[in-house]
Amino acid sequence: MVCFCFLVDQTRKVRQTKPVAGTCSRCCRGASVADMMTSTRFCFIPFYWTSWRAIICTFCGSVLKSYR
């Protein structure tokens with residue numbers, strides 16, 4: 001019997017942020033608009049990228065709202 005194992009992972013990176021009026025609903029700290037980039041790797045080779053915009057908390061890092 002042959003068994004194949006493949007490693008697939010996904011990473012999110014914040015490319016640019018701008019402050020926004022408002023606070024986080026979880027920790028009541030400041031929020032910012034961020035340009036995010038998600039890359040998916042298969043066996044350590046990146047093969048898919050997507051860019052999107054999100055409102056994130058500057059303190060706890062949670063994504064409050066995303067725009068794809």
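How far is the sulfur of C24 from the closest cysteine sulfur, and in which residue is that sulfur? The distance is 3.8 Å, and the partner is C57. That is too far for a bond. I'll come back to the cysteines shortly. One caution before that: this is a predicted model.

Let me start with the fold. We have an open sheet of four strands. The order is 1-2-3-4, and the pairing is antiparallel. Two strands sit at the edges: strand 1, residues 8-23, and strand 4, residues 63-67. Each of those pairs on one side only. From one strand to the next, the twist averages 30°.

Now the pairings inside that sheet. Take strand 2 and strand 3. They run antiparallel, and twelve bridges join them. For a landmark there, find V33: I55 in strand 3 stands opposite. The hairpin of these two strands has two residues between the strands. Look at C43 in that hairpin, because its phi is positive, near 55°.

Next, strand 3 and strand 4. Strand 3 covers residues 45-57. Four bridges join strand 3 to strand 4, and again the two run antiparallel. Here are two landmarks. A54 faces S66 in strand 4. I56 has V63 of strand 4 as its bridge partner. The hairpin of strand 3 and strand 4 has five residues between the strands. In that hairpin G61 takes a positive phi, near 80°.

One further backbone point. C28 is not a glycine, yet its phi is positive, about 60°. Where does C28 sit? In the loop between strand 1 and strand 2. C28 is exposed, at 60% relative accessible area.

Back to the sulfurs. How many disulfides does the rule count? Zero. As a reminder, a disulfide is a covalent bond between the sulfur atoms of two cysteines. The cut-off here is 2.5 Å between the sulfurs. C24 misses that cut-off, because its closest cysteine sulfur, in C57, is 3.8 Å away. C27 has its closest cysteine sulfur in C57 too, at 3.5 Å. That is also too far for a bond. The surroundings of the two residues are worth a look. C24 is buried, with a relative accessible area of 1%. C27 is partly exposed, at 25%.

On to the charges. Side chains of opposite charge can pair when their charged atoms come close. The structure holds two salt bridges.

The one I'll take up now is R41 with D9. The closest N and O atoms are 2.8 Å apart. R41 lies in strand 2, residues 30-42, and D9 lies in strand 1, so the salt bridge ties together parts that are 32 residues apart in sequence. Are the two ends buried or exposed? Neither: R41 is partly exposed at 27%, and D9 is partly exposed at 25%.

The other is D35 with R53. Here the N to O distance is 2.9 Å. D35 belongs to strand 2 and R53 to strand 3. The pair links distant parts of the chain, 18 residues apart. The accessibilities split this time. D35 is buried, with a relative accessible area of 17%, whereas R53 is partly exposed at 39%.

There is one more charge to show you. Find R29. The charged end of R29 sits over the ring of F59, 4.2 Å from the ring centre.

Last topic: the rings. A pair of aromatic rings is described by the distance of the centres and the angle of the planes. How many aromatic pairs does the rule count? One. F42 and F47 form that pair. The centres are 6.3 Å apart. The planes make an angle of 90°, so this counts as edge-to-face, for which the angle must be over 60 degrees. F42 is partly exposed, with a relative accessible area of 33%. F47 counts as exposed, at 51%.

To recap. The sheet is open, with four strands in the order 1-2-3-4. The disulfide count is zero. There are two salt bridges and one aromatic pair. And once more, the model is predicted. That's my part.

Notes
Residues are numbered from 1 along each chain as its sequence is written. This is a predicted model: local features need pLDDT of at least 70, side-chain atom pairs count only at pLDDT 80 or more; totals for chains, interfaces and linings use all residues. Side-chain values use heavy atoms; hydrogens and water are left out. Two strands pair if DSSP finds at least two bridges between them. Axes are lines fitted to C-alpha atoms, for helices over the stretch in contact, and angles run from 0 to 180 degrees between N-to-C directions. Buried means under 20% relative accessible area, exposed over 50%, partly exposed in between (1.4 Å probe, protein chains only). Rings of Phe, Tyr and Trp (its six-membered ring) pair if their centres lie within 6.5 Å; planes under 30 degrees apart count as stacked, over 60 as edge-to-face and the rest as tilted. A charge sits over a ring if NZ of Lys or CZ of Arg is within 6 Å of the ring centre and within 35 degrees of the ring normal. A salt bridge is a side-chain nitrogen of Lys or Arg within 4 Å of a carboxyl oxygen of Asp or Glu.
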